[in-house]
Every structure is written in C-alpha cells, then in structure tokens.
Amino acid sequence: VEDIRKGEEDCCLCLDYEHQMAVLHDDALLPHFKELADAIQLSKGIQEINIDNLELHPSALGILFPAMEGKVRNIDMRNIGFPGPDAVKCYEIIASSIRRNHALKKLTWINNR
C-alpha cells in the first residue's frame, strides 16, 4: 500500500487471493480497505487492481470503489462473493462507480456471485 501511495507501484495485488482459501468479509478489515483507498487517492493512478477470491459487502465496496474513480485503468475481479441480502446493493455500488470512472479502460468480471 505504501508503494501505491508513493507512486512506486502501478499494479495492486494486495486483494488478490487466487489459489488461497476465500477471504470472508469481516468488519475488522474495513480500516485496511480505507488505507488502500487512501493510498489510491494519493497516487498518480495505478494501471491495474486485481481482486480475487474475496467476499465483499457494501461497506467495503463503498470505501474502495469511489477511491478508484479516475485513478484505476484496469479492474480485474474474479471469484468475488456478494452476500445474498446485499447483492443488489453491491452491484449498484460497482455499476455507479464504473459509470463515473472515466480512467477505466478494462473491466474483467469472471465467476463473481
């Protein structure tokens, strides 16, 4: 995260849990999402963020996605779980953010549920 903040890293893999056990949502992780969001906002922009094998709730998406607007060119989301009762809200947060992110060139959306 510090490298992103300083502009020394243009690819964020800190939410990429491919080939690992799925990371389930926990409110205790929200400060970490906030730290990442702050780093992205302070950066000059990053080429790509990979988010894989993670459960995301509206609380985490509401922190992360607005911070990526105008800063992230490629978003790669795979194997993301959205909780049943909050799934519509999750999709709304993502869709709204994508519409506002004029820097976005590519969105990869694979096996998300």
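Of the 113 residues of this protein, 43% count as buried, where buried means under 20% relative accessible area, exposed means over 50%, and partly exposed lies in between (1.4 Å probe, protein chains only). This is a predicted model, in which local features need pLDDT of at least 70, side-chain atom pairs count only at pLDDT 80 or more, and totals for chains, interfaces and linings use all residues. Residues are numbered from 1 along each chain as its sequence is written, and side-chain values use heavy atoms, with hydrogens and water left out.

**The overall picture**

You're looking at four helices and four strands, laid out along the sequence as α-β-α-β-α-β-α-β. Helices (H or I, at least four residues) and strands (E, at least two) are DSSP runs, numbered from the N terminus. The radius of gyration is 13 Å, close to the 13 Å that the globule rule gives for 113 residues, so the protein is as compact as a globular protein of that length. That radius is taken over C-alpha atoms, and the rule is 2.2 Å times the number of residues to the power 0.38. Along its principal axes, the C-alpha trace spans about 35 × 30 × 25 Å.

Now for contacts, meaning heavy atoms within 4.5 Å. Among those with a separation of 6 or more, 84% come from residues 24 or more positions apart.

**The sheet**

The four strands make an open sheet in the order 1-2-3-4, with parallel pairing; two strands pair if DSSP finds at least two bridges between them. Strand 1 and strand 4 (106-110) are the edges, each pairing on one side only. From one strand to the next, the twist averages 10°.

Strand 2 (residues 46-52) is mostly covered, with five of its seven residues buried. On one side, strand 2 pairs in the parallel sense with strand 1 (residues 11-16) over four bridges. Here Cys 12 has Ile 49 of strand 2 as its bridge partner, while Leu 15 stands opposite Ile 51. Six bridges join strand 2 to strand 3 (residues 72-78), again in parallel, and Glu 48 stands opposite Asn 74 of strand 3.

How does the chain get from strand 2 to strand 3? It crosses through helix 3 (residues 58-68), in a right-handed β-α-β crossover. Strand 1, helix 2 (residues 30-42) and strand 2 also make a right-handed β-α-β unit. Right-handed means that, with the strands pointing away from the viewer, the path from the first strand over the helix to the second runs clockwise. Helix 2 lies across strand 1, strand 2 and strand 3, running at about 170° to strand 1. Axes are lines fitted to C-alpha atoms, for helices over the stretch in contact, and angles run from 0 to 180 degrees between N-to-C directions.

**Three residues to look at**

Asn 50 sits in strand 2. Leaving aside neighbours within four places in sequence, Asn 50 is in contact with Cys 12, Leu 13, Leu 15, Asp 16 and Asp 76.

His 19 and Asn 53 are there for their backbone. Most residues other than glycine have a negative phi. His 19, not a glycine, has a positive phi of about 65°, and Asn 53, not a glycine either, has a positive phi of about 65°.

| Residue | Place | Relative accessibility |
|---|---|---|
| Asn 50 | strand 2 | 13%, buried |
| His 19 | loop between strand 1 and helix 2 | 76%, exposed |
| Asn 53 | loop between strand 2 and helix 3 | 15%, buried |
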